[in-house]
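Thank you all for making time this morning. I would like to walk you through one model, beginning with a charged side chain and ending with the way the helices pack.

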Amino acid sequence: MVDNTTINKRVRDAVLDEEKVLRACAELLSCARSRTVTLLVTHIVKRAAGIGKRRVLLPPAYLSTARAHLRAHPVITDAQHRTWVLVEEVVLKRSKINYYRLRYVRI
């Protein structure tokens, strides 16, 4: 069994690596069936850390770092070589933590 400290270290290392965050985002977009997709940054961070569906408490700094990486690269190519463009960002405030939803459109 992996403890929370180990998981949080893996998340931190992954989120600091911009390439991993972009790859995780492209992986999520390649699963999309529609031309417009809304992604929650939390899922991108978890994918980048290789955690899967396991529930982990993520400090807000991880989310804003991943968001900064994605905003710096508004155009992303997924695994099927489809191009996606970031068109909208929604900030959701829940219990003093901001969650970021990013909307992508396939072009």
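Let me start with Arg-12, which is partly exposed, having a relative accessible area of 36%. Please keep in mind throughout that what you see is a predicted model.

The side chain of Arg-12 meets that of Asp-13 in a salt bridge, with an N to O distance of 4.0 Å. Asp-13 also meets Lys-9 in a salt bridge, here at 3.0 Å from N to O, and so Lys-9, Arg-12 and Asp-13 are linked in a network of salt bridges. Lys-9 and Asp-13 lie 4 residues apart in helix H1, which means that about one helical turn separates them. As for their surroundings, Asp-13 is partly exposed at a relative accessible area of 36%, and Lys-9 is likewise counted as partly exposed, with 44% relative accessibility.

Across the model, the count comes to 8 salt bridges, and there is one more that I would like to show you. The side chains of Arg-67 and Glu-89 meet at 2.2 Å, N to O, and this pair links distant parts of the chain, since Arg-67 sits in helix H4 and Glu-89 in strand E3, residues 83-94, with their positions 22 residues apart. Is Arg-67 buried or exposed? At 18% relative accessibility Arg-67 counts as buried, because the cut-off for buried is under 20%, whereas Glu-89 is partly exposed, with a relative accessible area of 26%.

Let me turn now to helix packing. Helix H1, residues 4-16, and helix H3, residues 41-49, have axes that come within 8 Å and cross at roughly 100°, and the two helices are therefore roughly perpendicular to each other. On the H1 side the contact is made by Arg-10, Val-11, Ala-14 and Val-15, and on the H3 side by Val-45, Ala-48 and Ala-49. Sorted by class, that contact has 6 nonpolar residues, no polar ones and 1 charged residue.

The second pair is helix H2, residues 18-30, with helix H4, residues 60-72, whose axes come within 10 Å and cross at roughly 75°, so that H2 and H4 are also roughly perpendicular to each other. Which residues make the contact between them? From H2 they are Glu-18, Val-21, Leu-22 and Cys-25, and from H4 they are Ala-66, His-69 and Leu-70. By class, the contact of H2 with H4 has 5 nonpolar, 1 polar and 1 charged residues.

Notes. Residues are numbered from 1 along each chain as its sequence is written. This is a predicted model: local features need pLDDT of at least 70, side-chain atom pairs count only at pLDDT 80 or more; totals for chains, interfaces and linings use all residues. Side-chain values use heavy atoms; hydrogens and water are left out. Axes are lines fitted to C-alpha atoms, for helices over the stretch in contact, and angles run from 0 to 180 degrees between N-to-C directions. Angles under 35 degrees count as roughly parallel, over 145 as roughly antiparallel, 65 to 115 as roughly perpendicular and the rest as oblique. Contact means heavy atoms within 4.5 Å. Ala, Val, Leu, Ile, Met, Phe, Trp, Tyr, Cys and Pro count as nonpolar, Asp, Glu, Lys and Arg as charged, and the others, Gly among them, as polar. Buried means under 20% relative accessible area, exposed over 50%, partly exposed in between (1.4 Å probe, protein chains only).
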